[in-house]
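Me: I would like to go through a protein structure with you, step by step. Could you show it to me?

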Amino acid sequence: MAAAGFAGEAPTQHDLVIIGAGFSGLYMLHRARDLLGLDAVVFEAGAGVGGTWYWNRYPGARCDSESYYYSYSFSEELEQEWEWTSKYPAQPEILRYLEHVADRFDLRRNIRFDSRVESAVLDEDTLRWTVRTDGGEEVSAQFLVSAVGCLSAANVPDIPGLDQFDGEWFHTGRWPHDGVDFGGKRVGLIGTGSTGIQAAPVIAAEAAHLTVFQRTPNYTVPARNAPLTPERAAEIKATYPAIREHARNSYGGFPFDPSGRSALEVTQDERRATYEALWEEGGFKFLFGSFYDLLVSEEANDTAAEFIRGKIREVVADPQVAEILAPRDHPYGSKRPPIDTNYFETFNRSNVSLVDLRATPIEEITAEGVRTTAAEHSLDMIVFATGFDAMTGALLRMDIRGRDGRSLREKWAAGPRTYLGLQVAGFPNLFTITGPGSPSVLSNMPVSIEQHVEWIADCITHLRSSGAAGIEATPEAEEAWVEHVAEIAGLTLFSKASSWYLGANIPGKTRVFMPYVGGVATYRQRCDEVAAQGYEGFAISA
Ligand code: NA7
């Protein structure tokens, strides 16, 4: 690969620039370079591959999807040779897997590490993009693919006084590579989303004291992680084609079937038995495999929510603590449902305390710790498990400029607008892998990523074979898709929670429900139809 141009030099010319070397960027590179024969370059802000699994090294970090389906399906050799050790892989294991993929397919030679893309500007005459990094490199490419991930712009809340804190503080999404020693420390953990729920039990086991600062109580179901036995691993490998097919044609990208039953059509005893069995089995099946109407009927949802609250009361010894932990202000599943290992049990430890920020909000961070309206909590360390500027944050922190010099930030000021989550009108030849308006975070990500990468690769092949210079979503198709995404989201309970799906976790962010709730099977079908009809809804430039 030719060296990239630097400021003052002519930009190096490529067919394709990919931003990010996580699950999406690695596969996009492989597909574009090795199957399409394109000259592709990847810019990656980190010093290594892995994306989410490179940055999120916090204690307890683990995938909530099972290893055998949270993995690539594009290479039969890869899926046969790789050995997962447990049902839910821990972060180091997934990172090793992605490093193996990078080596196996010789991907690193096209990746520029420690290179954060700062801007991408369209040349309207040629429909090429000029991409510039923080190191001053400048390249030009016909196609630009964003593989920046949905949850990569870390959100550290703007709490007054953080700069005065005498101790150390960390965000889980930017965890130090050499780890953090909690031994003998008084640790404060802010945030009880999926991350805080994974981290709390692990930190509690190491620290002198853990104080969990909870703003919104969360529903969580046991993961029931376990080693993957050789028998189970062999069974998976023998049936991989069917497993992959099942996942691709499912609602959420998981290879299990949704229930055909309503929570309201069975007797109370049957319902309880179903929830008990799935609670014992663990994982997302509790939501997706119990009853089909948990995300559409509040009455149905209440039955699951009340079951979980009952479990919290059973597990947590102190009834007052159990009451604070019991979620009531949003339906189960309307925020991303966590799964856990001993989360509620952690509150029975003598070195763990819980602070209810709804009753006593944080006023400031002092030199000593966190001061709420009720007390000052002395701390040596603060861990922010406060999530991400989801789905749009990583895209919008780059200055992306399309037609008429208009920036994506201006275009999306009132919320993201895309056609199929793949393209944005006014930004020809820019593709967004798992962009807003696609199933993305509501699905098993590798399934959605592979579908997008393959669709984009096919589209580029089509353009090149017909000698076209570019492709662009039409404003009409974009408008219709935005409306459709909003309309079907409105049929569900997702709007009943202040979640990051809506941008509600970031002060000032416009509230728009961003992912597509129609499911991966329906979505894939739509994308395939659009391509089959000559890229309906897109304008192709000669
Ligand atoms: P989430 O799911 O966004 O959770 C963040 C947590 O931090 C959540 O409990 C928030 O409370 C809390 N939070 C955010 N800002 C504040 C402030 N200012 N004060 C107190 N508490 C705050 O992020 P995660 O990292 O857990 O998970 C992200 C995704 O990664 C996850 O869904 C998986 O897909 C993997 P809130 O609920 O907003 O009241």
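Reply: The exchange below takes up domains, cores, cavities, cysteines and some single residues.

Me: What kind of model is this, and how are the residues numbered?

Reply: This is a predicted model, in which local features need pLDDT of at least 70, side-chain atom pairs count only at pLDDT 80 or more, and totals for chains, interfaces and linings use all residues. Residues are numbered from 1 along each chain as its sequence is written, and side-chain values use heavy atoms, with hydrogens and water left out.

Me: Which domains is the protein divided into?

Reply: There is domain 1 (12-153 + 390-535) and domain 2 (186-384). The bounds come from an automatic or database domain assignment.

Me: How far apart are their C-alpha centres?

Reply: The C-alpha centres of domain 1 and domain 2 are 28 Å apart.

Me: And how many residues are in contact between the two domains?

Reply: In domain 1, 43 residues are in contact with 48 residues of domain 2. Contact means heavy atoms within 4.5 Å.

Me: Let us turn to the inside. Which residues of the largest nonpolar core touch the most other members?

Reply: They are Phe 286 and Trp 455, in a core of 131 residues. A nonpolar core is a set of buried Ala, Val, Leu, Ile, Met, Phe, Trp, Tyr and Cys residues joined through side-chain atoms within 4.5 Å. Buried means under 20% relative accessible area, exposed means over 50%, and partly exposed is in between (1.4 Å probe, protein chains only).

Me: Which helix gives the largest share of this core?

Reply: Helix α15 (residues 445-465) does, with nine residues. Helices (H or I, at least four residues) and strands (E, at least two) are DSSP runs, numbered from the N terminus.

Me: Where does this core lie with respect to the domains?

Reply: This core lies between domain 1 (12-153 + 390-535) and domain 2 (186-384), because both give residues to it.

Me: Back to Phe 286, please. What is Phe 286 in contact with?

Reply: Leaving aside neighbours within four places in sequence, the contacts of Phe 286 include Val 221, Tyr 275, Trp 279, Phe 307 and Tyr 332. Apart from the largest core lies another core, of 23 residues, among them Val 17, Ile 19, Val 148 and Leu 408.

Me: Now empty space. How many cavities of 30 Å³ or more does the structure hold?

Reply: It holds two cavities of 30 Å³ or more, and the largest has a volume of about 120 Å³. On a 1 Å grid over the protein atoms alone, a cavity is a set of points where a 1.4 Å probe fits but cannot get out, and lining residues have an atom within 4 Å of a point. Grid points are joined across faces, edges and corners, and a volume is the space filled by probe spheres set on the points.

Me: Which residues that line the largest cavity are closest to its centre?

Reply: Of the 14 residues in the lining, Glu 79, Trp 82, Trp 84, Lys 237 and Tyr 240 are the closest to the centre. Helix α6 gives the most to this lining, with three residues.

Me: A new topic: how many disulfides are found?

Reply: A search of the whole structure finds zero disulfides, a disulfide being a pair of cysteine sulfur atoms within 2.5 Å. For Cys 63, the nearest cysteine sulfur is that of Cys 150, 14 Å away.

Me: Is Cys 63 buried or exposed?

Reply: Cys 63 counts as buried because its relative accessibility is 5%. Cys 150 is buried as well, with a relative accessible area of 6%.

Me: What about Leu 420, and where does it lie?

Reply: Leu 420 lies in the loop between α14 (408-411) and β19 (430-432). Its phi is near 65°, a positive value in a residue other than glycine. Leu 420 is buried, with a relative accessible area of 0%.

Me: And where is Thr 434?

Reply: Thr 434 is in the loop between β19 and α15. Phi of Thr 434 is near 50°, again a positive value in a residue other than glycine, and Thr 434 is buried at 3% relative accessible area.

Me: Last one: where is Ala 226, and what does Ala 226 touch?

Reply: Ala 226 is in the loop between β11 (221-222) and α6 (230-238). Not counting residues up to four places away in sequence, Ala 226 touches Ser 86 and Lys 87. Ala 226 counts as partly exposed because its relative accessibility is 31%.

Methods: On a 1 Å grid over the protein atoms alone, a cavity is a set of points where a 1.4 Å probe fits but cannot get out, and a pocket is an open set with protein on both sides within 12 Å along at least five of seven lines; lining residues have an atom within 4 Å of a point.
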